[in-house]
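Okay, thanks for making time, everyone. I'd like to walk you through one model today, so let me put it up on the screen.

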Amino acid sequence: MKRSVEVSGKTLEEVLERASRYFDVPKEQLGYEILSETKGFLSVFVPRMVKVRVWVKDEEEETQEVPAVSETPKFSGMQEAVEGFLRELVARMRLEVTVAVTQDGEVLRCALDGQDAGILIGRKGETLEALEILLRTFLARRGFGEVSLEVDVSGYRKRREEALRKLAQRMAQKVVREKKKVRLAPMNARERRIVHMALKDHPEVVTYSIGEEPNRRVVIDLKAERKGRSRQKNRARSQKDGGGMPRLHEG
């Protein structure tokens with residue numbers, strides 16, 4: 001049975017952000033169903049309170065084939081609506097940026113490029129993350145909340161993903177060579193996921209996340225060292241709870 005949680009918040013993005021931290025996966029890996037919402041008086045995009053059931057998509061759910069666009073009339077008009085939204089946004093910001101939106105089944109790919117594209121990337125991709133959240137809200141408010149969305153500006157995300165994979169391999173080699181764990185710089189859930197996946201089959205190291213947002217980070221450690229510390233921690237907890245001695249029943 002698929003594990004799910006019910007989360008409430010002022011906005012859908014707030015709910016997904018909290019669920020992303022709870023499951024420790026990127027928001028793109030989450031499926032959700034809006035159970036109820038109360039609209040704010042003046043707000044168009046943001047409801048005052050929304051209650052959502054959230055779960056982590058399994059691999060089959062993410063990779064299963066979807067019908068062609070022509071066979072999915074329920075998404076009719078979605079691509080045009082998103083493209084229109086983005087064109088209006090960059091026009092209002094007076095940016096020299098081109099917009100291309102393509103639909104591949106239920107995956108909507110948005111590519112932006114041009115001489116002002118850097119403004120839409122921002123510091124460490126923060127503006128790009130905000131733009132994607134805005135688009136997800138836009139889609140959810142139009143009944144397209146289940147659509148998988150991929151937004152990239154001038155190929156930034158592809159370059160960043162490749163850089164993170166190389167960093168993960170380089171740091172894993174360092175951990176093995178120096179027999180010491182390495183803590184990476186704070187990353188968002190999407191980037192942590194890339195590092196975890198890059199090393200998930202490594203024979204000698206293990207990865208895990210520590211800390212709270214926005215300072216949550218990945219730790220790369222030796223598998224043997226990790227197990228040893230876990231055993232020590234369990235032993236200490238056992239001693240604290242009664243020294244591992246059998247409990248006596250009174251009466």
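Before I point at anything, one definition: when I say contact, I mean heavy atoms within 4.5 Å. Angles between elements use axes, which are lines fitted to C-alpha atoms, for helices over the stretch in contact, and the angles run from 0 to 180 degrees between N-to-C directions. And helices (H or I, at least four residues) and strands (E, at least two) are DSSP runs, numbered from the N terminus.

Now the housekeeping. This is a predicted model, where local features need pLDDT of at least 70 and side-chain atom pairs count only at pLDDT 80 or more, while totals for chains, interfaces and linings use all residues. Residues are numbered from 1 along each chain as its sequence is written, and side-chain values use heavy atoms, with hydrogens and water left out.

So, what's in here? The protein chain has eight helices and nine strands. It has 251 residues, and 37% of them count as buried; buried means under 20% relative accessible area, exposed is over 50%, and partly exposed is in between, with a 1.4 Å probe and protein chains only. Of the contacts with a separation of 6 or more, 58% are between residues 24 or more positions apart.

How far do we trust it? pLDDT is the predictor's confidence in each residue, from 0 to 100. The mean for the protein chain is 80, with 76% of residues at 70 or more. Among the elements, helix α2, residues 59-63, has the lowest mean at 59, and strand β7, residues 182-183, has the highest at 96. There are also two stretches to treat with care. Residues 40-46 stay under 50, and the model gives them 12 contacts beyond four places in sequence. Residues 243-251 stay under 50 as well, with two such contacts. Where pLDDT is low, the predicted coordinates should not be read in detail.

Let's go to the sheets. Two strands pair if DSSP finds at least two bridges between them. One open sheet has three strands in the order β4-β5-β6, with mixed pairing. Which strands sit at its edges? They are β4 (98-104) and β6 (148-153), each pairing on one side only. On average, neighbouring strands of this sheet are turned by 15° against each other, ignoring direction. β4 and β5, residues 107-113, are antiparallel over seven bridges, and if you zoom in you'll find A100 opposite A111 of β5.

Two helices lie on these strands. Helix α3 crosses β4 and β5, at about 165° to β4. Helix α5 lies across β5 and β6, running at about 145° to β6.

Those two helices also share an aromatic pair. Rings of Phe, Tyr and Trp (its six-membered ring) pair if their centres lie within 6.5 Å; planes under 30 degrees apart are stacked, over 60 edge-to-face, and the rest tilted. The structure holds two aromatic pairs. In one of them, the rings of F85 and F138 have centres 4.5 Å apart and planes at 35°, so that pair is tilted. This pair links distant parts of the chain, with F85 in α3 (residues 78-92) and F138 in α5 (residues 126-140), 53 residues apart. Both F85 and F138 are buried.

The other pair is Y22 with F23: centres 5.0 Å apart, planes at 85°, so edge-to-face. F23 counts as buried because its relative accessibility is 13%. Y22 lies in helix α1, residues 12-23. Leaving out residues up to four places away in sequence, Y22 touches R3 and V5.

Last stop, the other open sheet: three strands in the order β7-β9-β8, with antiparallel pairing. β7 and β8 are at the edges with a single partner strand each, so one side of each has no neighbour in the sheet. β8 (residues 205-210) and β9 (residues 217-222) pair over six bridges, with T207 opposite I220 in β9. They form a hairpin with six residues between them, and G211 in the turn has a positive phi of about 90°. β7 joins β9 through two bridges, where R183 has V219 as its bridge partner. Finally, helix α6, residues 156-178, lies across β7, β8 and β9, at about 40° to β9.

That's my tour, and I'm happy to rotate anything.
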